[in-house]
Amino acid sequence: MPDLAWQQCINPQCRATYDIAQVLHKCDKCGNLLDAAYDWERLSVPHSLDEFERRWATRRNPLDFSGVWRFRELMPFAPDNKVVSIGEGQTQLRRAPGVAQYAGLDPARLHLQYEGMNFSGSFKDNGMTGAFTHANMVSARRVACASTGNTSASMASFAAALGSIRAFVFIGSGKIAYGKLCQALDYGGVTIQIDGDFDDAMERVQQVSKQLGIYLMNSLNPFRLEGQKAIMYRVLEGLGWQPPDWVIVPGGNLGNSSAFGKAFVELEQLGLINKIPRVAIINSTGARTLSELVNGRGIEWNGGNVDDSIIDEYYAYLDAENIRAVTLASAIEINRPVNLKKALRTLDFTRGVVREVTDEEILDAKAKVGASGIGCEPASAASVAGARKLRDEGLIAPDETVVCILTGHQLKDPNAAVNYHSARGEAFEQAFAKYGVKNARFRNMPVQTPNDLDRIIEVVEKA
Ligand code: F0G
């Protein structure tokens, strides 16, 4: 009997298939990315998405408690007894009228999907449960990733919780925020600081993993992306199973955008949604590869026949000019996104768009998110800055329903917030000049006072 799940090359000229239990990450035949693929006709999938809500009543079952595996029929690559779950995906979709106003939207129409609520503080836990489950299926003992910080935090957390797996973290030296570095260190990950940036670390981790047979946890791994599809299932659930008009997401290595597109296409194929939201991917101007390739150089999915020469030429140009990604949104400081082609597929399937926002726009949007009572790290706020930009352009109408993904928690990078609100003069310059940030429009300056009751009361009364 043929398998119900397998791995398949995304290149339509190739379409090579591989057993689900193989460890590959790229197609052996043509080098393109792989998908997890399913024989949906022979699998049993609920007839309606609201059937998944029943699992809220059976949360003592760890699979039903998980915000990822309670949708397991939509990512059926693993038997239940192989699933590795530690309670990921307990996140929330929240309306944010103040942020809506900032973005120029109807106050009831903008929602923030707060993935910072995951136990390691970012959306990565959704993907890690998928990848660790596959690692468990193939009995991996060592796992590795390159990271701008969140992938490593999540991977080290899972490895520590399991106790039987060693985690190797590759990071660019000085390139990750302390909130993230402290996690990898605390959780006991072997942390290798490479003299280079994320793109260098990504290349090295692939070489090392291949040579030593270590299981790779970056989002090249199709099972990571299977887990990240659940972010969209929870968004739909939060909206009463009505697809929004737009999903806006920061773009770094382009795993999320790739996973979201796959989720929507599959749901539509299965007849579980009748509208596909448009996905907007937001780059920082300091790490703008996708934006340049799509908007500047006209690259397209083109039925899977992506013109590789456009990518090669652009990367050769980056090399020749020694251009490196530079953005205060360190999570997305990436110039060679590994999931580029899958993201092009998402743009095609969802009539998606790509935009760039400056680091100053990111920080202002982050302050507005903070003022709504949810904290996010800089990269996450790119989604809100992107919503505002798309609204300004008129591409998003004021009464459309928009979901911005807040990918990581505010405490991942407290320096960014504290400097934004309290640094002045030289200290401000030192923190931000290199990123082109000149102003903090929504600064909430702490007030210095002498330890004197009358003066303190004066400050309080004046506020
Ligand atoms: N937001 C945050 C907070 C991230 O940590 C990342 C990626 C992204 C957005 C971009 O997501 O790669 O799916 O486009 N962080 C990776 C890491 C690269 O190593 O933690 P993407």
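Which residue in β7 is the bridge partner of R142? Keep that question in mind as we walk through this structure, which is a predicted model. The answer is R166, and this pair is a good way into the sheet.

R142 belongs to strand β6, which covers residues 142-147. R166 lies in strand β7, made of residues 166-172. The two strands run parallel to each other, and 6 bridges join them. As a general point, the strands of a sheet pair through backbone hydrogen bonds, and they can do so in a parallel or an antiparallel way.

Now step back to see the neighbours of this pair. The open sheet has 4 strands, and reading across gives the order β8-β7-β6-β9, with parallel pairing. At the edges you will find β8 (190-194) and β9 (215-216), each of which pairs on one side only.

Next, let us turn to the ligand. Where does it sit? The ligand is found in the largest cavity. Two elements each give two or more residues to the shell around it: α4 (150-162) and α8 (255-269). There are 21 residues around the ligand, and those that come nearest are T148, N150, N253, L254 and T407. Sorted by character, the shell has 12 polar residues, 7 nonpolar ones and 2 that are charged.

Some of these surroundings can be followed atom by atom. A polar backbone atom of N253 lies 2.7 Å from an oxygen atom of the ligand. The backbone of N256 also takes part, with a polar atom 2.8 Å from a ligand oxygen. With T407 it is the side chain that you should look at: one of its N or O atoms is 2.7 Å from a nitrogen atom of the ligand. How much of the ligand's accessible area does the protein cover? On its own the ligand has 480 Å² of such area, and the protein covers 99% of that.

Technical notes. Residues are numbered from 1 along each chain as its sequence is written. This is a predicted model: local features need pLDDT of at least 70, side-chain atom pairs count only at pLDDT 80 or more; totals for chains, interfaces and linings use all residues. Side-chain values use heavy atoms; hydrogens and water are left out. Two strands pair if DSSP finds at least two bridges between them. A residue is near a molecule or strand if one of its heavy atoms lies within 4 Å of it. A polar contact is a pair of N or O atoms within 3.5 Å; within protein, one must be able to donate a hydrogen and the other to accept it, and residues adjacent in sequence count only if both atoms are side-chain atoms. Accessible areas come from the Shrake-Rupley method with a 1.4 Å probe; for residues, only the protein chains shown count as cover. On a 1 Å grid over the protein atoms alone, a cavity is a set of points where a 1.4 Å probe fits but cannot get out, and a pocket is an open set with protein on both sides within 12 Å along at least five of seven lines; lining residues have an atom within 4 Å of a point. A molecule sits in a cavity or pocket if more than half of its atoms lie within 2 Å of its grid points. Ala, Val, Leu, Ile, Met, Phe, Trp, Tyr, Cys and Pro count as nonpolar, Asp, Glu, Lys and Arg as charged, and the others, Gly among them, as polar.
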